[in-house]
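Biologist: I am new to this structure and would love a close look at a single part of it. Could you take me to one spot and then lead me outward through its surroundings?

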Amino acid sequence: MTAEPELVLHRDAGVLARAAAARLITRLVDAQTARGEASLVLTGGGIGIALLRAVRSNPALDAVDWGKVDIWWGDERFVAAGSPDRNERQAREALLDHIPVDPKRIFPMGHLAAPTAGGDVEGRASASGYTDPESAAAEYTALLATRAVAGSAVPSFDVVLLGLGPEGHVASLFPDSPAVVATEPVVAVHDCPKPPPERVTLTLPAIQSAHEVWVIVAGEEKADAVAASFSGAGPITIPATGAVGRDRSLWLADRAAASRLPGWQ
Ligand SMILES: O=C1O[C@H](COP(=O)(O)O)[C@@H](O)[C@H](O)[C@H]1O
């Protein structure tokens with residue numbers, strides 16, 4: 001069972017980030033009240049990182065027991081560990097470096113191996129990185145399996161956060177790409193139309209196993225993608241239409257992003 005998408009509008013990107021942050025804190029507190037812990041999947045992207053900054057400055061930040069939150073990523077740019085392009089690095093700078101998370105509960109996707117002094121790349125799959133995104137995807141699949149719930153290949157995510165690209169991508173699932181129809185939980189992406197070209201991503205089945213999936217979107221440049229996502233298109237042409245959770249599928253948008261949705265201006 002999946003939940004029908006619900007749309008919640010906010011005035012502008014700043015209000016959206018703060019309101020989504022408050023909503024996320026509440027959701028994590030609720031999960032911890034029910035189970036003693038929570039499981040969260042982060043996104044990259046402008047509004048996704050703005051949301052994390054807003055969590056950091058929210059007065060209720062300490063209501064969450066951050067030491068009991070598992071932190072995963074929905075996608076990652078397959079670049080060197082310290083690259084500013086890494087969604088992981090951006091999330092750490094925006095939030096994770098500033099709250100008492102348990103380092104053992106932070107699960108970044110693998111990065112590109114650093115070249116050795118001789119110019120070669122280090123071992124294919126090691127703590128220092130990977131030579132190809134397939135190896136990083138395989139490692140993440142295995143990591144997810146270590147926390148998976150019975151009958152599933154992945155953990156019971158409480159919330160999956162997703163940004164939206166102007167052509168309708170979520171995570172690194174781009175229109176008409178092999179990843180958007182993949183059935184394994186994590187795959188490598190090559191020739192990505194948005195740089196950097198190599199990425200690692202959760203697939204739609206992994207995303208759809210979550211209790212709640214939230215698409216967070218701001219800006220007029222996303223208005224066509226939002227309209228297309230509510231037009232009856234399918235996930236191959238508009239991957240965001242596959243962003244649905246088991247209990248809740250939430251679209252959190254600012255007015256500019258929703259400006260081409262009939263009836264929502
Ligand atoms: O490349 C990516 O893009 C999307 C959307 O980013 P935005 O800056 O246009 O909001 C993001 O959700 C994804 O995680 C990221 O890798």
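Modeller: Let's begin at G36, which sits just after α1 and takes a positive phi of about 85°. Please keep in mind that this is a predicted model, and that each value here is computed from it.

The helix before that glycine, α1, covers residues 13–35. Its 23 residues reach 32 Å from the first C-alpha to the last, close to the 33 Å expected at 1.5 Å a residue. Its buried residues are A13, L16, A17, A20, A21, L24, R27, L28 and A31. An α-helix has 3.6 residues a turn, so residues three or four places apart point the same way. With that in mind, try following A13, L16, A20, L24, L28 and A31, which are among the buried residues of α1.

Moving on along the chain, you come to strand β2, residues 38–42. It belongs to an open sheet of six strands, with parallel pairing and the order β1-β11-β10-β7-β2-β3. The edges of this sheet are β1 (5–10) and β3 (69–73), and each of them pairs on one side only. From one strand to the next, the twist averages 20°.

Now look at the two neighbours of β2. Towards β3, the two strands run parallel and five bridges join them; L42 stands opposite W73 in β3. Towards β7, the pairing is again parallel, here with two bridges, and V160 is the bridge partner of V41.

Strand β7 itself, residues 159–162, is a nice one to look at side chain by side chain. In a regular strand the side chains alternate between the two faces of the sheet. Here V159 and L161 point one way, V160 and L162 point the other way, and all are buried. On its other side, β7 pairs in the parallel sense with β10 (residues 212–217) over four bridges, and L162 stands opposite V215.

Next comes the ligand. Of the 14 residues around it, T43, G44, G45, G46 and G163 come nearest. The helix that gives the most to this shell is α2 (residues 46–56), with three residues. By character, the shell divides into three nonpolar, nine polar and two charged residues.

After β7, the loop leading to β8 holds A171. Most residues other than glycine have a negative phi, and most peptide bonds are trans. A171 has a phi near 45°, a positive value in a residue other than glycine. Is A171 buried or exposed? A residue counts as buried if 20 or more other C-beta atoms lie within 10 Å of its own; A171 has 33, so it is buried.

The loop from A171 brings you to β8, a strand of another sheet. This one is open, with three strands in the order β4-β9-β8 and antiparallel pairing. Its edges are β4 (75–77) and β8 (186–189); each has a single partner strand, so one side of each is left without a neighbour in the sheet. Neighbouring strands here are turned by 15° against each other on average, direction ignored. Four bridges pair β8 with β9 (residues 199–202) in the antiparallel sense, and A188 stands opposite V200. Helix α4 packs on this sheet, touching β8 and β9, and its direction makes about 165° with that of β8.

A closer look at α4, residues 133–146, gives a simple length check. At 1.5 Å a residue, its 14 residues should span 20 Å, and the end C-alpha atoms are 20 Å apart, which agrees. Its buried residues are P133, S135, A136, A137, Y140 and L144.

Finally, visit the loop between β8 and β9, where D191 is found. Phi of D191 is near 55°, a positive value in a residue other than glycine. How many other C-beta atoms lie within 10 Å of D191? There are 9, and a residue with 12 or fewer counts as exposed, so D191 is exposed. The loop between β8 and β9 is also the place of P196. A cis peptide bond joins P195 and P196, with omega about -5°.

Notes: Residues numbered from 1 in each chain as written. Predicted model: local features only at pLDDT ≥ 70, side-chain atom pairs only at ≥ 80, totals over all residues. Expected span 1.5 Å × (residues − 1). Pairing = 2+ DSSP bridges. Axes fitted to C-alpha atoms, helices over the stretch in contact; angles between N-to-C directions. Contact = placed C-beta atoms within 7 Å. Near = placed C-beta within 6 Å. Nonpolar A, V, L, I, M, F, W, Y, C, P; charged D, E, K, R; others polar.
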